[in-house]
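I opened the notebook to look up a sheet, a cavity and a buried acid. My entries follow the model.

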Amino acid sequence: AEGRVVIRRSGALFEYLLDFLRDYRRLGEGKAGSSIRALPPDQARLMRTELEYYGIAEAVFPKRPFRIHQATFSPGPGMLQRRAGCGAVVLPNKRGVLVMGGQHTHDAHDTEILDWHTKTFKMGPMLGSARHHGMAVVLADGRVVVMGGYESDNQALSTTEVLDPR
């Protein structure tokens, strides 16, 4: 019939979705959405999948803005070396964090890489020059440029080094 949509879905989750849609129409986004957000995590995930299927997930599960002032730190994995004045950059394609240089028992030539997946550090490539308080940037093509800092005698460095992790 004209003006009707036939959806071939069934089950308790679909019934809950239909109830939600009725409430959504009657109560509005805020109150209806809170009923789904109150579901246990596994059911909320299933419901989100259903809502994505119908193209209305964003109305129920809006993207919340990141509020740094409400965030808290928690302990992370320990580095392999104690480091003061080290630099760090996020490697391309979310492969990890490169931590370079710094001072521990001496100025460091070494680097460490935090692996996102294992949450552990492993040794990275050696720097050509020991340096502390240097800076690094990741270029658009994925290369990492390390620059400046100080030598062990606290003389400022004017050198750069390029790492191509590809």
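These are my entries, in the order I made them.

**Entry 1: the sheet.** I noted at the start that this is a predicted model. I looked up the strand order next. Four strands make an open sheet, ordered β1-β2-β3-β4, and they pair antiparallel. I marked β1 (87–90) and β4 (120–123) as the edge strands, since each pairs on one side only. I also took down the average turn between neighbouring strands, which is 25° with direction ignored.

**Entry 2: β1 against β2.** I went through the pairing residue by residue. β2 covers residues 97–100 and runs antiparallel to β1, joined to β1 by four bridges. Val-89 faces Leu-98 of β2 across the pair. Gly-87 has Met-100 of β2 opposite. I then checked the hairpin of these two strands. Six residues lie between the strands, and Asn-93 has a positive phi near 60° in this hairpin.

**Entry 3: the two sides of β2.** Which way do the side chains of β2 point, and are they buried or exposed? Val-97 and Val-99 point one way, while Leu-98 and Met-100 point the other way. All of them are buried. In a regular strand, side chains alternate between the two faces of the sheet. I followed β2 to its other neighbour. β3 spans residues 111–115 and pairs antiparallel with β2 over four bridges. Thr-111 in β3 is the bridge partner of Met-100.

**Entry 4: the cavity.** How many cavities of 30 Å³ or more does the structure hold? I found one. The volume of the largest cavity is about 30 Å³. Which residues line the largest cavity? From the 80s I listed Gly-85, Cys-86 and Gly-87. Met-100, Gly-101 and Gly-102 also belong to the lining. Arg-131, His-132, His-133 and Gly-134 complete the list. By class, I have two nonpolar residues, seven polar and one charged in this lining. I cross-referenced two names to Entry 2: Gly-87 and Met-100 are in the lining, and Gly-87 stands opposite Met-100 in β2.

**Entry 5: the acid.** I turned to Glu-161, which sits in strand β7 (residues 160–163). Is Glu-161 buried or exposed? The relative accessible area of Glu-161 is 17%. Buried means under 20%, so Glu-161 counts as buried. I looked for a polar partner of the side chain. The Glu-161 side chain reaches the backbone nitrogen of Gly-128 at 2.5 Å.

Notes
Residues are numbered from 1 along each chain as its sequence is written. This is a predicted model: local features need pLDDT of at least 70, side-chain atom pairs count only at pLDDT 80 or more; totals for chains, interfaces and linings use all residues. Side-chain values use heavy atoms; hydrogens and water are left out. On a 1 Å grid over the protein atoms alone, a cavity is a set of points where a 1.4 Å probe fits but cannot get out, and a pocket is an open set with protein on both sides within 12 Å along at least five of seven lines; lining residues have an atom within 4 Å of a point. Grid points are joined across faces, edges and corners, and a volume is the space filled by probe spheres set on the points. Ala, Val, Leu, Ile, Met, Phe, Trp, Tyr, Cys and Pro count as nonpolar, Asp, Glu, Lys and Arg as charged, and the others, Gly among them, as polar. Two strands pair if DSSP finds at least two bridges between them. Axes are lines fitted to C-alpha atoms, for helices over the stretch in contact, and angles run from 0 to 180 degrees between N-to-C directions. Buried means under 20% relative accessible area, exposed over 50%, partly exposed in between (1.4 Å probe, protein chains only). A polar contact is a pair of N or O atoms within 3.5 Å; within protein, one must be able to donate a hydrogen and the other to accept it, and residues adjacent in sequence count only if both atoms are side-chain atoms.
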